[in-house]
Amino acid sequence: MSHIDVAVPDPDQSAVLVQVPDGTGNAASQLDPNARPVLTVKDLQMYFPVHSGGIIRRTVGHVQAVDGVSFQVPAGGSVGLVGESGCGKSTTGRLITRLYKPTAGSINFEGTEIAEMSQRQLMPLRREIQMIFQDPATSLNPRHTVGAIVGAPLLIHNVLPKDKVLPRVQELLEIVGLNPEHYNRYPHEFSGGQRQRIGIARALTLQPKLLVADEPVSALDVSIQAQVINLLQDVQKEFGIGFLFIAHDLAIVRHFCPEVAVMYLGKIVEIADRETLYTRAHHPYTQALLSAVPDVKQAAIGGRRERIRLTGDVPSPINPPSGCRFRTRCWLAQDICAQVEPPLMQIGPRHKVACHFAGELGKHPTTPVTTSPAVAAAASDPGFASTWFEVTTGQPTGG
Amino acid sequence: MSQSESQMERLDTADMVDVVDPEAVLGKSPTQLALGRFRRDKLSMVSFVVVAVYTIGALLAPLLVKIGFLKPELQHQNLLNVSLGSIPKTHFGGASWSHPLGVVPGTGVDVMSRLWYGITFSLTIALAASLVAIVIGTVLGIVSGFAGGIVDAVIGRLVDLTLSFPQTLMLLALSSAGVVACAKFLPGSASDPLANGFYEVLVLGLFGWPPITRLIRGQVLTIREREFVEAARLFGASKGRIYFKEILPNLWAPVLVSFTLTMPAYISAEAALSYLGVGIHPPTPTLGNVLTDSINYSVADFSYFFYPALLIAIVVVSFNLLGDGLRDALDPKADR
Ligand SMILES: Nc1ncnc2c1ncn2[C@@H]1O[C@H](COP(=O)(O)OP(=O)(O)OP(=O)(O)O)[C@@H](O)[C@H]1O
Ligand code: SF4
Ligand SMILES: [Mg+2]
């Protein structure tokens, strides 16, 4: 049993969690383990059918864009979702906002199961779950004025009498830091950062409880990114909105999310509180991503100075690698990685990782941490992945 | 813990300034901006003026014919040299103060009258055919892009089929039967300009829509994927609202541009078909049938051939430049 030692939470790790990082009262940035979840996603799966060309369109395969993703967003808290391009982040966001209907899995929003709901049933929920889009150039209709864009949700949901719409729009513009008198201007009259603010105002119009921010700053100039991030932080604090913050690198979510999930090819490979993830990441992929973050203390990633460069491209999600999906680019990969898919194991109070050789950088074990008879049995049990929420430790029961 | 403290800090934005817009774009709608861009482009403005002059001329001509200023059918045999094959007696096609562009060899009709009145008929045919093509093309393009699936596939095959049709051949082969058929629904006989013109418009329009359908369908498909449409769906906007309020307002620009580009195509098509004997016949003038007539005299009386050729070239080039200018001005990418 000794080989699974790495999976046992070390004592001070739990201390980290309870300890409040600082006393600034910035609730949004702190991890409250007892927070009631506003969103619980379980085994979310989205397979897009791939059709053959020609007149008779046969389904020749599936893009496994999201494959068994599970996480929770606490009410008023925020979770970061990080991964390379094409790993299924946006698809996850669009599933949660129900722009797409998931192939399988459950999306529980405040106790209501919404994964299977029809568009009509979703109508009342449309006020509660909103989204901020990546590209401010295409997320605002060029033929509508800002007032029409921000006011549209109010008119569609008929929540305010017509003469109250404009004052509310102006109020929202002020909240996001725009001149309220500019309601009759068109999107092209604003800069990228200002357009993103308009997008944020639109998302806030109906006072949502959950906001999916899909790479909200990656299309902006670096100099403007910080301003928009600050605005989002203010908004979250002020209105107590739960955030799913999608980003393609770990640098940005670091300022925003007390909890971060790392995704690779449709699966979550590691999820942890910020402190743990940035100092004691166990998954090779997370470690590679971290090494690209300029301001992470080098000591935190095993004292290595050089950047870990991942070679090769992300494999196609139509035909993902067997076993561990990361194995084609993993420098630790061994035979078992091609044969057995590593389960997402709980290795700390809020730390889960899916890797046969999970360990801190430079301290990866040489024997698989997942091959103890109990874990191997659990791994081959298809129900394992769906019960990881209940698994509280990677140590087999009775161990 | 010190590290996490630094993570809590608000990002420093003190010396970061968001880009401020040049005041030039403030307070203008996208349409006004496009017009501004169009006006600043000299070539576009020149082509616009030329097209406007032709259009006004075309509108005035019937009036001028009525009051007798233009006499497109009155013959002046006395101005022709019968011994030399009835070409005009004087130089430059018999140009004089009363006939500035000369007279037609063989009949002695005033060339200016024929050409001026001919512009009316040519532009009318091009306009009518364009409208037929644009209306069919736009409607099918929108339906195809919106509906997708089977409907889209059927319209796509229809486009391919129409494009692969030998239309000129058909236009020629069926012309006499087609004109007779058209005449049945119209006042007047099959030899009237109305029946001939109607047949021409119908065939040109019915074969002209496929490229427009393709263009509009493509536009619908791209706009449908824009994030503002997803945003609208996120508030629970109805399908109708999304189509009519979010997508359609973004389609009029490509429709307008296609229109200014089909017009010149049909003006030259009219000329080409006249040469093949399809369309409105003399004595009713069109730019095409005057040119066709003049080709017989291109050596003996060059100026008679020169004027219609020049008028057609100018209007076709101007319309094309106008279309290009509009396309550049309306291109959303130029919105910065
Ligand atoms: N509607 C769709 N139909 C088919 N495949 C899709 C669809 N949407 C996304 N995909 C595929 O699913 C995979 C995940 O896409 P997704 O947009 O979620 O990635 P992402 O992580 O958001 O990437 P990016 O950082 O580029 O935004 C990609 O391979 C993509 O091609
Ligand atoms: S399971 Fe194997 S291939 Fe996958 S990340 Fe771990 S070591 Fe690498
Ligand atoms: Mg994305």
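A cavity here is a set of grid points, on a 1 Å grid over the protein atoms alone, where a 1.4 Å probe fits but cannot get out, and its volume is the space filled by probe spheres set on the points. The model described below is predicted.

By that definition the structure holds 3 cavities of 30 Å³ or more. The second largest cavity has a volume of about 60 Å³. Its lining consists of His283(A), Pro284(A), Cys324(A), Arg327(A), Cys330(A), Leu332(A), Ala333(A), Cys337(A), Cys355(A), His356(A) and Phe357(A). By class, 8 of the lining residues are nonpolar, 2 are polar and 1 is charged.

The second largest cavity is where ligand 2 sits. Around ligand 2 there are 13 residues, and the closest are Cys324(A), Cys330(A), Cys337(A), Cys355(A) and His356(A). These five names also appear in the lining of the second largest cavity. The shell around ligand 2 divides into 10 nonpolar, 2 polar and 1 charged residues; cysteine counts as nonpolar in this division.

The largest cavity contains about 90 Å³ of space. Both chains contribute to its lining: Asn141(A), His144(A), Ala148(A), Ile149(A), Ala152(A) and Arg202(A) come from chain A, while Phe228(B), Ala231(B), Ala232(B), Phe235(B), Arg241(B) and Glu246(B) come from chain B. Among the contributing elements, α4 (146-157) of chain A and, in chain B, α11 (227-234) and α12 (239-247) each supply at least two lining residues. The lining of the largest cavity is made up of 7 nonpolar, 2 polar and 3 charged residues.

Ligand 1 is the remaining topic. It has 14 residues around it, of which Ser85(A), Gly86(A), Lys89(A), Ser90(A) and Thr91(A) come nearest. Three of these residues place an atom close to an oxygen of the ligand. For Lys89(A) this is a backbone N or O atom, 2.9 Å from an oxygen atom of ligand 1. For Ser90(A) it is a side-chain N or O atom, at 2.6 Å from a ligand oxygen. In Thr91(A), a polar side-chain atom lies 2.5 Å from an oxygen atom of ligand 1. On its own, ligand 1 has 630 Å² of accessible area, and the protein covers 65% of this.

Two elements of chain A, β2 (59-74) and α2 (89-96), give two or more residues to the shell around ligand 1. The largest share, 3 residues, comes from α2(A). By class, the shell around ligand 1 holds 6 nonpolar, 5 polar and 3 charged residues.

Methods:
Residues numbered from 1 in each chain as written. Chains lettered and ligands numbered in written order. Predicted model: local features only at pLDDT ≥ 70, side-chain atom pairs only at ≥ 80, totals over all residues. Heavy atoms only, no water. Near = heavy atom within 4 Å. Polar contact = N/O pair within 3.5 Å; in protein donor to acceptor, adjacent residues only side chain to side chain. Areas by Shrake-Rupley, 256 points an atom, 1.4 Å probe, with all protein chains shown as cover. Helix = DSSP H or I, 4+ residues; strand = E, 2+ residues; numbered from the N terminus. 1 Å grid on protein atoms, 1.4 Å probe; cavity = no way out; pocket = protein on both sides within 12 Å on 5 of 7 lines; lining within 4 Å. Sits in = over half its atoms within 2 Å of the grid points.
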